Amino acid sequence: MSSEKVSCLIIGSGPAGYTAAIYASRAGLNPVLYTGGQPGGQLTITTDVENYPGYPEGVQGPQMMMDFEAQARRFGADIRYGLATKVDFSDSTLHKVWIDGDHLIESPTVIIATGAAAKWLGLESEQRLNGHGVSACAVCDGFFFRNQEVAIVGGGDTACEEASYLAKLCKKVYMIVRRDELRASVIMQERVKSLPNIEILWNTETEEVLGTNEVVGVKVKNVQTGESTQLDVTGFFVAIGHKPNTDIFKEYIDMDAAGYIQTVKGSTKTNITGVFACGDAQDNIYRQAITAAGTGCMAALDAERYLAEKGLH
Ligand SMILES: Cc1cc2nc3c(=O)[nH]c(=O)nc-3n(C[C@H](O)[C@H](O)[C@H](O)COP(=O)(O)OP(=O)(O)OC[C@H]3O[C@@H](n4cnc5c(N)ncnc54)[C@H](O)[C@@H]3O)c2cc1C
């Protein structure tokens, strides 16, 4: 077992973590950042990113995250491969985080930027066509399907929200709902039911996403009648929820029922002093690269002010 002390530890290497690293290094905090199992975060599994400001022609997700990393390295951020496997936040002045089980880092400030992962149906075809017509984010990818027919799976608030968003861009939106009712709030249900280009397919499950290199349709089955049909869609959206990567913090950090970290309004402070949370790990509403980067900036500034108040910086 090895150990070391640092002044600012950042856990996660998506837009939130790297932005926190840029700000923390430029503030002289000498941050150490651990990338986790997905260096660069969720955007490394997508292709075109067209809504991040500063890239007028759009950018490939992996390239964008290499740019973030290069910018953080330029100011001296110490970026390392490794996974935070355990934490002990019981001492409010010096937090302990174990990396890969055997390296202990002690730090007065910890920035949690561990993101979230979209839940998928688990179909082979869904995985194969991910980024080629299959998406878990209507706000990110709906634009690519303007005036086309798409399908979306899910019956909760997020699915309704995303279906309504798609309905403004797309010719037709099939909403694939497993049960005979929506789980969404009444107001969201009313919204989707009132939109003429949304057709809800009740008691329906997805059997297969069709296509070799891009989506050309979706095979669905009515679970009551057993009848299978094909929807001629070019986009397939999965909106069955997200899982924040926050399990290792739950003994200490306040979270909502889904595992999203709760922060003090208008800041990135958690219930533990010196521990800050940013990005998708604390955001169940917006979940965008720009909002993750924005809160990453906030977390670094909050950490810098905390260290200054304690006379540690
Ligand atoms: C397919 C797809 C396409 C998308 N397209 C767009 C788009 O076009 N535009 C847009 O704005 N947004 C898009 N998004 C959403 C965007 O990717 C996320 O909002 C954003 O990446 C969140 O950033 P984050 O830094 O909070 O977390 P993430 O990007 O999720 O990164 C989390 C990081 O934490 C690390 N980590 C997790 N657990 C640990 C641990 N225990 N120890 C150490 N590290 C850990 C991971 O390795 C990862 O590096 C897309 C998402 C997906 C899935």
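## A three-stranded sheet

Let's start with a small piece of this predicted model. Three strands, in the order E16-E17-E18, make an open sheet with antiparallel pairing. Strand E16 (204-210) and strand E18 (228-231) are its edge strands, and each of them pairs on one side only. From one strand to the next, the twist averages 25°.

Zoom in on E16 and you'll find six bridges to strand E17 (residues 217-222), in the antiparallel sense. If you want a landmark for that pairing, look for Val209, which sits opposite Val218 in E17.

## A five-stranded sheet

Elsewhere there is another open sheet, with five strands in the order E12-E19-E13-E14-E15 and parallel pairing. Which strands stand at the edges? They are strand E12 (134-135) and strand E15 (198-201); each has a single partner strand, so one side of each has no neighbour in the sheet.

For E12, strand E19 (residues 235-238) runs parallel to it, joined by two bridges. Within that pairing, Ser135 has Phe237 of E19 as its bridge partner.

## Strand E10 and its neighbours

In a regular strand, side chains alternate between the two faces of the sheet. E10 gives you a nice example to look at: Thr109 and Ile111 are on one side, Val110 and Ile112 on the other, and all of them are buried. Both faces of this strand are therefore covered.

E10 also has strand partners. Strand E2 (residues 8-11) pairs with E10 in the parallel sense over four bridges, and there Cys8 stands opposite Thr109. E21 runs parallel to E10 too, with three bridges joining them; in that pairing Ile111 faces Phe276 of E21.

## Helix H7

Helix H7 covers residues 289-309, 21 residues in total. Its first and last C-alpha atoms are 30 Å apart, close to the 30 Å expected at 1.5 Å a residue. After the helix comes Gly311, with a positive phi near 70°.

Quite a few H7 residues are buried, including Ala289, Ala292, Ala293, Gly296, Ala300, Ala303 and Leu307. An α-helix has 3.6 residues a turn, so residues three or four places apart point the same way. What do the buried residues of H7 pack against? Their partners are helix H1 (15-26), helix H2 (61-74), strand E10 (109-112) and strand E21 (275-277). That brings us back to E10 and E21, the parallel pair joined by three bridges.

## Val97 in strand E8

Val97 belongs to strand E8 (residues 95-99). Is Val97 buried or exposed? Its relative accessibility is 0%, so Val97 counts as buried.

Leaving out residues up to four places away in sequence, Val97 touches Leu9, Ile11, Ala84, Lys86, Val87, Phe89, His103, Leu104, Ile105 and Val110. Val110 is one of the buried residues of E10. Ala70 lies 27 residues from Val97 along the chain, and 25 Å separates their C-alpha atoms.

## Around the ligand

The ligand has 31 residues around it, and Ser13, Thr35, Gln38, Gln42 and Asp280 come nearest.

There are backbone contacts to check as well. Pro15 has a backbone N or O atom 3.2 Å from an oxygen atom of the ligand. For Gly37, a polar backbone atom is 3.4 Å from a ligand oxygen atom. Ala84, which also touches Val97, places a backbone N or O atom 2.9 Å from a nitrogen atom of the ligand.

Definitions and conventions
Residues numbered from 1 in each chain as written. Predicted model: local features only at pLDDT ≥ 70, side-chain atom pairs only at ≥ 80, totals over all residues. Heavy atoms only, no water. Expected span 1.5 Å × (residues − 1). Buried < 20%, exposed > 50% of the residue type's maximum accessible area, 1.4 Å probe, protein only. Contact = heavy atoms within 4.5 Å. Pairing = 2+ DSSP bridges. Axes fitted to C-alpha atoms, helices over the stretch in contact; angles between N-to-C directions. Near = heavy atom within 4 Å. Polar contact = N/O pair within 3.5 Å; in protein donor to acceptor, adjacent residues only side chain to side chain.
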